[in-house]
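Please open the model in the viewer and keep the selection panel at hand. The tour below proceeds from one selection to the next and states what is found at each stop.

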Amino acid sequence: MKQRVHFWALILIICLNSCGELRTIKKYGLKPPTIEVKGKKAFINGTIGETFYHLFVKTLNKNPQLETIVMLEIPGSVNDEWNIKSCLLLSEKGLNTELLNNSIVESGGTDLFVSGKKLIIADGAKIGVHSWGGDKIVAAELPKNHPEHKMFLDFYDKVKVDSSFYWYTLNAAPAEGMHFMTKSEIEKYLGNKIK
């Protein structure tokens, strides 16, 4: 299972094989996912994965008026495959994504954010990126034509983010670290989608 690994993710990967996602999230003091709808906006918070995907589908089905997903604090995902399903659903629905001045998205949360049709970023918002790793694989050490990159390259293509962003994230920080994008990096890699 490929993962975007954060400081807690190696423990999560092991535990996910033996216990439920929500129990794992709670066990390690992470916030479970929540969604609160206010008019045409849905405010999301917490760690994302399969649980979030099902909650997101339910929210979209009950709220066809939604136009924007506001992301509060998303420290990452516990499963890239489920996170990509959420990202593609967000993109297919043509929803915008928004970060407030105190919003923080990291890792898989950043993938969800960049999946928006248009990206709205308030001054002060933090966008964290790093390499993924897992199963004794370090993504930044793989050759560019390695098949492990395909899932992510296909994903970025579908959400209309240039593949240069993917390669940038692999070198921005190691899997156990995090780099918060500068304004110039945001403009360089995501500028075509910023509202």
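Begin by selecting helix H6, residues 150–158, which holds both Asp154 and Lys150. These two residues are 4 positions apart, about one turn of the helix. Display their side chains: Asp154 and Lys150 form a salt bridge, with the closest N and O atoms 2.8 Å apart. Asp154 has a relative accessibility of 32% and counts as partly exposed; Lys150, at 48%, is likewise classed as partly exposed. The model in view is a predicted one.

Now widen the selection to the whole protein. It has 8 helices and 9 strands, and buried residues account for 52% of its 195 residues. Of the contacts with a separation of 6 or more, 66% are between residues 24 or more positions apart. If a surface is drawn, about 9,300 Å² is exposed, and carbon and sulfur atoms supply 53% of that area.

How many salt bridges does the count come to? The count is 5, and two further examples are visited next.

Select Lys41 and Glu98, whose side chains meet in a salt bridge at 2.9 Å, N to O. Lys41 belongs to strand E2 (residues 41–45) and Glu98 to strand E4 (residues 96–106), so this pair ties together parts that are 57 residues apart in sequence. Are the two partners buried or exposed? Lys41 counts as partly exposed, with 31% relative accessibility, whereas Glu98 is buried, its relative accessible area being 11%. The cut-off for buried is under 20%.

Proceed to Lys183 and Asp123, where the side chains form a salt bridge at 3.7 Å, N to O. Lys183 lies in helix H8 (residues 183–190), while Asp123 lies in the loop between strand E5 (119–121) and strand E6 (126–129); the pair therefore ties together parts that are 60 residues apart in sequence. Both Lys183 and Asp123 are exposed.

Keep H8 displayed and add helix H7, residues 163–172. Which residues of H7 are buried? They are Phe165, Tyr166, Trp167, Tyr168, Thr169 and Leu170. To see what covers these buried residues, show helix H5 (108–114), E6, H6, strand E9 (179–180) and H8, which are among the covering elements.

Next, examine how H7 and H8 are arranged. Two packed helices are described by the angle between their axes and the distance between the axes. For H7 and H8 the angle is about 140 degrees, and the axes are 9 Å apart. Angles over 145 degrees count as roughly antiparallel, so H7 and H8, at about 140 degrees, are oblique to each other.

Select the residues where the two helices meet: Ser164, Phe165 and Tyr168 in H7, and Glu185, Tyr189 and Leu190 in H8. Coloured by class, this contact has 4 nonpolar, 1 polar and 1 charged residues. Phe165 and Tyr168 are also on the list of buried residues in H7.

For the last stop, select Ser163, which is found in helix H7. Ser163 counts as partly exposed, with a relative accessibility of 34%. Add Phe152 and draw a distance between the two C-alpha atoms: Ser163 and Phe152 are 8.9 Å apart in space and 11 residues apart in sequence.

Conventions
Residues numbered from 1 in each chain as written. Predicted model: local features only at pLDDT ≥ 70, side-chain atom pairs only at ≥ 80, totals over all residues. Heavy atoms only, no water. Buried < 20%, exposed > 50% of the residue type's maximum accessible area, 1.4 Å probe, protein only. Contact = heavy atoms within 4.5 Å. Areas by Shrake-Rupley, 256 points an atom, 1.4 Å probe, with all protein chains shown as cover. Salt bridge = Lys/Arg side-chain N within 4 Å of Asp/Glu carboxyl O. Axes fitted to C-alpha atoms, helices over the stretch in contact; angles between N-to-C directions. Parallel < 35°, antiparallel > 145°, perpendicular 65-115°, else oblique. Nonpolar A, V, L, I, M, F, W, Y, C, P; charged D, E, K, R; others polar.
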